[in-house]
Structure formats: C-alpha cells, structure tokens
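This report walks through selected local features of one protein chain, with attention to side-chain contacts, solvent accessibility and backbone geometry. Please keep the sequence and coordinates open while reading.

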Amino acid sequence: MALPVAEWQGRTARLWAALDPALRERLAAASLRDAVWLGCDLLRAEEEAALARLCHQARTDKEPEAASWYREQGNREFKRGRYQAALRLYSKAASHELPGSPEVSVCFANRSAALLHLGHFEVCLEDIARAESHGYPDRLLPKVLLRKAECLLCLERLQDAQDILRVLESKTALDGVMTTHLTRLKKLSQLKVKLGEKERCPEPAQEARGGIQGEPEIWEENSNISGASSSLSLSFDAERGRHLVASQDIVPGQNLVKEEAFVSVLCPGESLPLQDGDTAWDTRVTNADLYCHRCLRQLLASVPCQGCSYAKYCSQDCADMAWQQYHRTECSLGALLLTLGVFCHVALRTVLLSGFAEVSRLVAWSHHGDKNFQNPEARCKPLSEAADAGAGSRGIPGCGSNGRYQSSYQALFHLLPHTEHHSPEHKFLCTLSVVAICRQLQTTGLEAAVLNQELPQQWSKPKTCEKTSDELSPELKTVAEAMLRHVLQLQCNAQAITVMQELGPGDGAVVDKKPVRLATAFFPVLSLLNHSCCPNTSVSFSGTAATVRASQPISSGQEVLHCYGPHCCRMRVAERQQLLSQYFFECRCRACLEELESGVKSVVSIRNSFCCPKCQAQMQGEEDTLCCSNEACAISASRDHLSGRLQDLQQQIKKALDLLRVGKADQAIKMLLKCQMDAGTFLSPEHLLMGEMEDHLAQVYATLGKWQEAARHLKKSIEIVEMHHGPSSVETGHEVFKLAQILFNGFAVSEALSTIQRAEGILSVHFGPQSAQIQELQEMKACLSELPRNILQRT
C-alpha cells in the first residue's frame with residue numbers, strides 16, 4: 001500500500017473540503033516549506049486522535065498471548081506433518097515474545113525441529129544455538145542436543161557429531177529417571193550406528209557437492225556514472241531531462257547498470273493463507289513474514305526485532321545494522337508507518353539514512369534557489385559546497401563538483417517532485433501525513449536520534465517527551481519538508497522491486513511462479529532511464545540490487561529506455577496513455593506514435609478480442625453492441641453480456657485451481673476442459689486467457705506425472721505467449737523454462753536438451769548467467785548429458 005489507508009485519505013479529503021477557499025488557494029500554490037508550516041497548524045488534536053485509532057488496527061507491539069497462541073498452532077501443524085506451516089507459525093510466535101523471556105528459546109527450539117524435517121540442517125543448527133543462548137530449559141536440552149547431533153551427522157561433520165553424542169550420553173547417564181529417556185536412548189543408539197557407517201565410507205569429492213557456476217560477467221564501470229557501464233553516457237535536454245545514451249553499439253544481454261537501492265522499504269504484500277477459519281490472531285503469511293526487512297533475502301528462520309513484532313531479519317547482523325541505520329527510530333512508529341503507507345515510510349527512511357546534516361544542507365540550498373528549482377534548465381548548475389564549483393558533466397543536475405553522477409542523496413534530492421502537477425488534495429494528504437510522523441517523533445522523544453545527536457541504548461524503547469507544545473521544532477520542520485519532497489518524488493520515481501514468487505506449496509516437479517511487488521525503492525541511477533512502451537532494456541532484482549540489461553540491440557547514440565509499467569504488448573495505446581498520466585507526461589514513444597498515427601486497431605485488441613459464437617470471426621464495434629466482422633454473418637451481441645461471460649469464465653478457472661491446491665487434480669482437469677470449450681465459443685483463439693488455460697492444464701497433468709500431456713498443453717501456451725510478447729520476451733522465457741522442466745521429468749532427453757538451450761538463450765539476456773533459473777537449467781543439462789550414450793541416442 002503506497003498511500004495511507006482509505007480512512008485517513010477520506011478524513012483529510014473532508015478536512016480539505018471544509019477549509020476556507022482562500023486557504024485552499026494558498027495551500028495549492030504553497031512551496032514545500034510553506035506547505036509544511038501550514039500543515040503544522042491544520043493537523044489538529046482530533047485528527048491526531050483519529051489517526052491514533054487507525055493505528056490500533058496495525059498491531060506491531062509484542063503480545064505474549066499471541067506468541068503462546070502461535071506456538072500452539074505451530075505444534076498442531078507440526079503434528080500433522082505440515083512442517084512449512086509450522087515453521088512460519090513458530091517464527092510468528094518468536095516475533096511476539098518479549099526479549100529475554102525463556103519462552104522465546106522454546107520457539108527457536110520448536111522451529112529447529114521443523115527445519116530438521118525440511119532438510120535445512122545448517123539453519124537448524126543456528127536455531128538450536130539461538131535456543132541455547134536464550135536460556136533453553138536444562139530438562140529439555142537432551143532432546144535439542146540429539147537434534148543437533150543428527151544435523152551434524154547429515155552435514156558429515158563426524159567429529160562434531162561424536163562430541164555431541166558423548167555429551168548427550170553423559171547427561172542421560174546422570175539423569176536418575178532413565179525411563180523418561182528410553183525413546184531418546186534408542187534414537188541415540190541408531191545415530192551411533194549411522195555415525196560408524198559414515199566413518200567407514202569415504203567422503204564424496206568436494207567438486208561433486210558444489211553447484212554449477214555460471215561464467216562471470218565482463219563489466220567495466222563508467223567513470224562518470226556510478227554503477228553504470230562504460231558503454232553509456234549521461235545527457236540532458238529540456239524535453240527529456242537527464243537520460244542515458246549508448247556511447248557504443250550494445251548487444252542483447254549486455255549489462256548496463258548495476259545499482260544498490262539508495263533506500264528500500266518492504267511492502268506488506270498480499271496474504272497467503274496457512275489455514276482456514278477465523279482466529280484470534282492472523283495466521284496468514286505476507287511479504288513481511290517471508291523476506292528480510294533490510295536486505296530483502298528470503299527468510300527461512302527469521303531473527304525478530306527485540307522491540308516490535310513486525311520487523312524480521314535474515315540474521316542478527318542484518319537486525320543490528322538496521323537498528324543502527326534507521327530502525328531505532330522507526331521501531332516504535334511501526335503501526336503509524338503501516339497506516340500512512342509505504343511512500344511515507346520510504347521518505348522517513350531516506351532522511352534517516354542520509355543524515356540530518358546532509359538533509360538540512362540540501363533543503364537550505366533549495367530555499368536559496370526556490371524560484372528556479374522547479375525549472376530543469378535553471379537547475380543545470382550542480383550543487384557543491386564550494387562556491388566556485390565547476391559545471392561538471394556539462395552542468396547536468398545532480399552531478400557533484402567533480403562532474404560525477406553518483407547514487408547519492410544529492411542525486412536523489414534532484415529528482416523532480418512535480419509539485420506543480422500534483423493535485424492540491426493529494427499534496428494536502430501528503431503534508432498532513434509527514435507532519436503527523438514528525439510530530440510523533442517529537443512526542444516520543446526521538447527527535448535527537450533523528451538529528452543524529454544521540455544514540456539510544458540497543459533495543460531501548462523511547463520515552464514520552466515532556467514537551468507538550470504542538471509546534472514542531474525548526475529542525476523537524478526541515479525533516480518534514482524533505483519528507484514531503486520525497487513522497488511527491490515517489491509518484492514518478494519509485495521503483496518496484498519485484499521477485500518471482502512460487503505459487504502453491506512449491507513441492508512439485510514443475511514450479512509455477514508469478515512476479516510479486518516486494519519493496520518500493522529509490523534508485524537514483526536507474527531513475528535516469530526514460531520510459532518507452534517498447535523498451536530496449538530489461539530490469540531484474542537480487543535483494544536490494546537492480547540490474548539493467550539490454551533486451552535488444554542498441555546502436556551508438558540511441559537512448560536507453562525502460563518500461564514504467566504498461567507495455568505495448570499488454571495494453572492498447574489509449575489505456576497506456578491513461579495509466580502513464582500518473583507520471584505527468586504524454587508518452588510519445590515509437591510504439592504509441594505508430595498506433596496513434598496509423599489509426600489501425602492494435603494487435604492487442606485483435607488478439608484479445610471476442611469472437612462470433614456462430615462463425616468464430618472477430619466481433620467488432622466501439623459501441624455497446626458488437627457485430628460479427630464476417631459480412632455473411634449477421635450475429636450481434638452486447639459487449640456487457642460478453643464481458644460478463646468472460647468474468648464468469650475467470651471465476652470458474654479460479655475454482656479449478658483451488659481444486660488443484662487441495663489435491664483434486666482429476667476434478668480440476670474436468671473443470672478446465674469445460675472452461676476451454678466454453679471459451680472457444682466467444683473468445684479469439686489467440687486470447688491470452690486461452691494460453692493461460694493451456695498453462696493451467698499443463699500444470700495439472702504435471703502434478704499427475706503425465707508428462708507428455710503436460711508438454712502438449714504447454715507448447716500451445718507458448719505459441720500464444722509468443723504471439724503477444726514475442727519469441728525473445730521474458731514471458732516466453734518463463735514458459736520455455738517450465739517446458740524444459742516437464743521434458744526433463746518426462747525423460748524426453750533430446751527434446752529437453754534443445755528446450756534447455758532455448759530457455760538459456762532467452763533468460764540469460766534478461767537475468768544474466770548467474771541467475772537461479774540459469775543455474776537450474778545448467779544442472780538439468782549436466783544431469784542429462786551424463787546419461788549413457790545409448791540412452792541419449794534412443795530418446
């Protein structure tokens with residue numbers, strides 16, 4: 001959720017409407033500084049109280065009762081053998097336990113048991129160490145030590161396993177009540193037998209255990225643009241602003257930009273239900289449970305923040321670093337930040353990471369040049385502390401005195417906030433929201449931390465400040481002004497960090513994935529790329545790092561372009577133009593101009609059209625009534641009626657997939673085949689939904705191990721995806737990757753090898769040779785290539 005919750009948006013809209021017209025006019029024309037000063041007066045006590053009530057819906061405090069409940073639910077799932085679900089619930093329990101409580105050690109110990117069953121032995125050992133360091137009860141230690149020995153044995157750390165077993169034997173012998181340990185002693189003897197067998201067997205070669213590594217990419221960094229390739233140059237003009245141009249011919253797949261996000265904030269994401277039924281606490285998992293709140297790595301056994309129940313990390317190092325950099329300030333504001341949305345959160349974290357000294361310097365500079373700051377041509381002189389700083393990189397905004405454009409706060413500050421383009425109501429909403437955050441910083445005594453004047457003790461909770469005045473300090477007004485600039489900048493410059501997330505349990509032979517928005521970030525260098533509905537680059541993410549690669553040949557002197565969202569393959573020009581209006585420009589890219597000037601109906605419209613139920617010709621017409629394009633056929637139909645049928649069809653497909661998720665594959669096939677027959681009576685054969693149904697059928701047949709049937713349906717899906725997106729698109733690459741998995745599992749060796757080669761060729765252009773999908777394809781190829789020659793010849 002980028003913007004504040006709907007209730008807060010509605011309240012500020014009503015407050016805006018009730019303002020005196022003269023005051024509304026004054027606010028609409030106000031500078032960022034004046035808007036903050038006026039906002040301080042207009043955020044009244046009743047508004048703050050209403051916001052506080054909304055914050056109660058976002059629970060981020062520690063709740064021991066919730067911890068106990070989550071642990072019980074985890075135990076229930078563990079007994080059912082649902083170890084992944086148990087793992088998530090134990091993590092939720094740990095995040096709600098008070099720091100230092102013995103119960104948190106039980107959460108880690110329980111989670112280690114789930115990790116052992118899932119085969120994550122190294123992480124299991126980490127959780128056992130956490131349990132021991134948090135005071136795990138002595139009476140339960142033998143059980144955990146036994147688990148530790150089993151992990152070490154599985155990892156072939158034989159000497160360490162022997163040492164643990166000796167400790168365990170001595171502890172058991174000292175226990176007076178031996179009968180309570182009979183089961184454990186039996187397990188211990190079994191482990192000792194296994195240990196002896198391991199010692200007699202030679203260890204496998206190190207090379208055999210290592211993964212296949214892709215070839216390292218050749219990279220020469222640009223001397224004037226941090227994180228950019230030397231094949232690019234930075235240009236500026238009044239029409240296009242700052243933009244990147246190829247300084248030499250570029251080939252598809254070539255790495256152009258590698259940039260770490262200046263700041264990123266995890267988006268809560270959509271819920272993935274663990275179990276059915278209403279409960280006292282939410283048992284669903286979201287992005288907040290699945291990914292590290294600092295580095296965005298996927299979480300297996302999260303390390304919870306010791307101050308709140310929301311922030312979770314992949315390691316103690318990440319937790320400590322986040323605390324020192326920004327979370328010591330954000331921790332007690334969790335509910336407020338969730339209520340006011342990701343944009344406000346990004347704005348606050350940007351200020352915290354940059355430091356008050358740099359923030360105040362740039363804000364003060366913007367005041368001196370306030371009249372010219374919104375004029376791009378007038379901003380060409382780079383900001384420098386030196387009065388006689390040179391123009392640097394031909395006077396391009398955001399460059400330092402040395403002429404270098406860096407991924408820095410200075411470059412970020414120069415991104416246009418488009419103050420004059422945002423609606424007055426939206427600016428008012430953003431102003432009250434950032435003022436509310438700054439007022440909370442002052443009320444809770446966090447102002448000194450924001451201004452970098454003191455470092456609170458590790459994990460300490462802020463104390464309520466004795467200052468009761470509603471007036472913000474001058475320093476916090478500066479912070480609020482910077483935050484308001486960043487919130488407005490984000491509408492045009494926010495970059496969604498996406499990840500391919502597995503659908504379903506992820507334990508099938510063929511893994512289906514979909515792109516999910518993981519975080520919102522500022523990338524100052526990536527922001528230099530202008531938009532095109534038919535771009536020549538592809539952007540991928542690894543954690544908080546973005547990589548831009550050429551997706552097609554780019555000639556020297558040609559602009560390097562990125563798609564901000566609606567691609568010409570997915571949407572008609574009128575719809576694209578409407579969506580792009582949020583960026584305050586009218587797209588004049590080649591794809592839009594060709595479609596607008598030709599007057600010919602777009603390929604997207606033709607392929608995703610309705611067809612005549614009688615002769616299957618395309619239905620056409622701009623009005624409510626559509627007519628068959630075949631003059632010999634007089635069939636007509638209501639657009640609303642056909643759209644209703646399409647919605648009903650999509651609901652039926654969703655029900656079929658729900659059946660598959662609960663293991664009713666045969667019923668899912670019947671329903672999907674029925675949907676396919678129904679779709680054929682009113683949808684174009686090239687409609688994307690026809691391809692999606694073929695993909696779903698392939699998924700169901702793969703679940704049943706019917707590989708030939710699965711491959712047949714997936715090939716039809718690939719044909720339709722190619723028609724819409726092109727043979728070298730990332731969408732086609734993902735489909736071909738799935739086909740390679742199916743052919744590999746179906747032992748169709750020759751066809752699998754050629755399909756793997758095709759998938760590698762497409763995906764390496766978009767994601768590079770080090771990506772997880774390329775590594776998996778290489779592993780499949782290596783496995784197939786090692787088969788005996790006579791088998792390869794027969795298949």
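## Backbone angles in two loops

His-418 is buried, its relative accessible area being 16%. In this predicted model, His-418 belongs to the loop between α19 (409–413) and α20, and its phi is near 50°, a positive value in a residue other than glycine. Such a value deserves a remark because most residues other than glycine have a negative phi.

Glu-156 offers a second case, with a positive phi of about 65° although it is not a glycine. Its place is in the loop between α9 (141–154) and α10 (158–174), and with a relative accessible area of 24% Glu-156 is partly exposed. The two residues therefore fall on opposite sides of the cut-off for burial, which is set at under 20% relative accessible area: His-418 is buried at 16%, whereas Glu-156 is partly exposed at 24%.

## Salt bridges between helices

Under the distance rule applied here, the count comes to 32 salt bridges. One of them joins Glu-330 and Arg-349, whose closest N and O atoms are 2.8 Å apart. Because Glu-330 lies in helix α14 (residues 316–330) and Arg-349 in helix α16 (residues 342–354), this pair ties together parts that are 19 residues apart in sequence. Both Glu-330 and Arg-349 are buried.

Arg-645 and Asp-678 form another salt bridge, with 2.9 Å between the closest N and O atoms. Here the pair links distant parts of the chain, since Arg-645 sits in helix α26 (residues 639–661) and Asp-678 in helix α27 (residues 665–679), 33 residues apart. Arg-645 is partly exposed, with a relative accessible area of 22%, and Asp-678 likewise counts as partly exposed, at 30% relative accessibility. In a further example, the side chains of Glu-751 and Lys-715 meet in a salt bridge at 2.6 Å, N to O; this pair also links distant parts of the chain, with Glu-751 in helix α31 (residues 749–767) and Lys-715 in helix α29 (residues 707–725), 36 residues apart. Glu-751 counts as partly exposed at 32% relative accessibility, and so does Lys-715 at 34%.

## A salt-bridge network and a charged patch

Salt bridges also occur in linked groups: Arg-11, Arg-44, Glu-46 and Glu-47 are connected in a network of them.

Elsewhere, Glu-622, Glu-623, Asp-624 and Asp-640 gather on the surface in a patch of negative charge. Glu-622 is found in the loop between β13 (619–620) and β14 (625–628), and this residue is exposed, with a relative accessible area of 66%.

## Contacts across the sequence

Which residues come together in space although they are separated along the chain? The C-alpha atoms of Ser-433 and Pro-4 are separated by 8.1 Å, with their positions 429 residues apart along the chain. Ser-433 lies in helix α20 (residues 424–443) and, at 0% relative accessibility, counts as buried.

Two further pairs can be described in the same terms. Arg-485, in helix α22 (residues 474–493), has its C-alpha atom 9.6 Å from that of Thr-431, the two residues being 54 apart along the chain; Arg-485 is buried, with a relative accessible area of 4%. Leu-596 is placed in helix α24 (residues 590–598) and is partly exposed, with a relative accessible area of 43%, while its C-alpha atom and that of Val-573, 23 residues away along the chain, are separated by 7.4 Å.

## Annotated regions

From an unreviewed entry, UniProt lists residues 292–331 under "domain: MYND-type". In the model, this span is 38% helix and 10% strand, and its end C-alpha atoms are 15 Å apart.

UniProt also lists residues 639–666 as "coiled-coil region", again in an unreviewed entry. The model gives this span 89% helix and 0% strand, and its end C-alpha atoms lie 34 Å apart.

Definitions and conventions:
Residues are numbered from 1 along each chain as its sequence is written. This is a predicted model: local features need pLDDT of at least 70, side-chain atom pairs count only at pLDDT 80 or more; totals for chains, interfaces and linings use all residues. Side-chain values use heavy atoms; hydrogens and water are left out. Patches are made of residues with over 30% relative accessible area and no salt bridge: like charges are joined within 9 Å, nonpolar side chains (Val, Leu, Ile, Met, Phe, Trp, Tyr) within 5 Å. Accessible areas come from the Shrake-Rupley method with a 1.4 Å probe; for residues, only the protein chains shown count as cover. A salt bridge is a side-chain nitrogen of Lys or Arg within 4 Å of a carboxyl oxygen of Asp or Glu. Lys and Arg count as positive and Asp and Glu as negative; His and the chain ends are not counted. The place of a charge is taken as NZ of Lys, CZ of Arg, CG of Asp or CD of Glu. Helices (H or I, at least four residues) and strands (E, at least two) are DSSP runs, numbered from the N terminus. Buried means under 20% relative accessible area, exposed over 50%, partly exposed in between (1.4 Å probe, protein chains only). UniProt positions are given in the numbering used here, feature names are shortened, and annotations may be inferred rather than shown by experiment.
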